[in-house]
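Colleague: I am new to reading structures. Can we go through this one in short steps?

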Amino acid sequence: MKNVLVIHYSQSGQLTEIAQNIAKPLVENPELNVSFHTISPVKPYPFPWNKDTFFDVFPESFLQIPTELNPIPNEILDKKYDLILFSYQVWYLTPSIPANSFLKSSQAKKLLENTPVVTIIACRNMWALAQEKVKKLLKANNADLKGNLAFIDRAGNLISVVTIVDWMFSGIKKKYLGIFPLPGVSQKDINEADKFGKIINESLSQNNFENLQEKFVENNGVYVSPYLVNVDKKGNFIFSKWSKFISKRKNTRSSWLKVFYVYLFIAIWVISPIVYILHVLTYPLTFQKRKKAIKYYQSV
Ligand SMILES: Cc1cc2nc3c(=O)[nH]c(=O)nc-3n(C[C@H](O)[C@H](O)[C@H](O)COP(=O)(O)O)c2cc1C
């Protein structure tokens, strides 16, 4: 009997549904014993968000400052796992505070030490550099990363900004103004996520994870957009300045968060379209660079 652990946290339920669908073929396999653990912050994060709470988590999210989590029950902690599926969402180009707090905890170290891991991301569309941060934390825990799946909103970048904000601030996945597409990962992608569970099942039965990531990529499990990676890199550079600056402002924090909100609005609606136009104009010159970026971020 092999042991598998699925670790998840989701405010809307989207990421949990994806993780559960991926786990379905594993749960149905009589040779596997599959356990689930929900990451549980002592002080829960609000959902739906409002403008103040949404921006207030920016500095600590980006600076990867952990929050306190409720302890993992012993029946989960005391087992050795043959595979851990670690699912997380991205907050401010970084693993969400609950996910980051888990990875930085001593309990995570115990679970992850010398254990094969598959990461499962569900976010708007910008996950590439967050995954680099997760890779570092997994390495610090001596975990053995074998695969990565990234579920994204397939609508255009600016369209998904509008729809995700409506979703996060209303708590309901609905068509904004009745004309925009539904926010988040499409129900089709969520429903079909079990195909990745079948692939994982095969690797587990054969005790061989060598081609796992290759198979994920073949099945469109890891979409990489070199344009979004470019925006992600620039965003990380700028967020590093803003987060350090705001975290030091104890008395004026809320005012600076409002300034940051204006900055972010301009960055999304003015700077990112300019970056996109430059990306399109330099398209023929950057073929090799783009190919290299896709190859790198599609691998583990
Ligand atoms: C505070 C906050 C910041 C977010 N930042 C990003 C981001 O930088 N990149 C991204 O692709 N998605 C971002 N998202 C979307 C989340 O990754 C995720 O898709 C969404 O919150 C739904 O996750 P859930 O399963 O917890 O409900 C953000 C969401 C929140 C609440």
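The questions below cover the ligand, the open and closed spaces, and some backbone details.

Colleague: What kind of model is this?
Modeller: Keep this in mind from the start. Local features here need pLDDT of at least 70. The model is predicted.

Colleague: Which residues come nearest to the ligand?
Modeller: A residue joins the shell if one of its heavy atoms lies within 4 Å of the ligand. There are 21 residues around the ligand. The nearest are S10, S12, Q89, V90 and L93.

Colleague: Which element gives the largest share of the shell around the ligand?
Modeller: Start with the elements that supply at least two residues each. These are α1 (14-27), β4 (90-91) and α8 (157-170). The largest share is three residues, and it comes from α8.

Colleague: How do the residues of the shell around the ligand divide into nonpolar, polar and charged?
Modeller: Sort the shell by residue class. One residue is charged and six are polar. The nonpolar residues number 14.

Colleague: How far is a backbone N or O atom of V90 from an oxygen atom of the ligand?
Modeller: Look at the backbone atoms that face the ligand's N and O atoms. For N125, a backbone N or O atom lies 2.9 Å from a ligand oxygen. For Y92, the partner is a ligand nitrogen, at 3.0 Å. For V90, the partner is a ligand oxygen, and the distance is 2.6 Å.

Colleague: What percentage of the ligand's accessible area does the protein cover?
Modeller: Take the ligand on its own as the starting point. Its accessible area is then 620 Å². The part covered by the protein is 95%.

Colleague: Which space does the ligand take?
Modeller: Compare the ligand's place with the pockets. A molecule sits in a pocket if more than half of its atoms lie within 2 Å of the pocket's grid points. The space taken by the ligand is the largest pocket.

Colleague: Which residues are closest to the centre of the largest pocket?
Modeller: This pocket has a volume of about 1200 Å³. Its lining has 46 residues. The closest to its centre are F54, R124, I164, L264 and I268.

Colleague: Which element gives the largest share of the lining of the largest pocket?
Modeller: By class, this lining has 33 nonpolar, ten polar and three charged residues. By element, the largest share is ten residues. Those ten come from α13.

Colleague: Which helix gives the most to the lining of the largest cavity?
Modeller: The count comes to two cavities of 30 Å³ or more. The largest holds about 70 Å³ of space. Among its lining residues are N125, W127, Y223 and D232. With three residues, the helix that gives the most is α12 (residues 226-247).

Colleague: How many residues in the lining of the largest cavity are nonpolar?
Modeller: Sort this lining by class too. One residue is charged and two are polar. The nonpolar count is eight.

Colleague: Where is Y92, and what is its phi?
Modeller: Y92 has been named already, for its backbone contact with a ligand nitrogen. Y92 is in the loop between β4 and β5 (94-95). It is not a glycine, yet its phi is positive, at about 50°.

Colleague: Is the peptide bond from F47 to P48 cis or trans?
Modeller: P48 lies in the loop between β2 (32-38) and α2. Check omega for the bond from F47 to P48: omega is near 0°. The bond is cis.

Colleague: Which residue's backbone oxygen lies 2.7 Å from a polar side-chain atom of S105?
Modeller: First place S105. S105 is in the loop between α5 (97-103) and α6 (106-112). The backbone oxygen at 2.7 Å from its side chain belongs to F102.

Conventions
Residues numbered from 1 in each chain as written. Predicted model: local features only at pLDDT ≥ 70, side-chain atom pairs only at ≥ 80, totals over all residues. Heavy atoms only, no water. Polar contact = N/O pair within 3.5 Å; in protein donor to acceptor, adjacent residues only side chain to side chain. Areas by Shrake-Rupley, 256 points an atom, 1.4 Å probe, with all protein chains shown as cover. 1 Å grid on protein atoms, 1.4 Å probe; cavity = no way out; pocket = protein on both sides within 12 Å on 5 of 7 lines; lining within 4 Å. Helix = DSSP H or I, 4+ residues; strand = E, 2+ residues; numbered from the N terminus. Nonpolar A, V, L, I, M, F, W, Y, C, P; charged D, E, K, R; others polar. Points joined across faces, edges and corners; volume = space filled by probe spheres on them.
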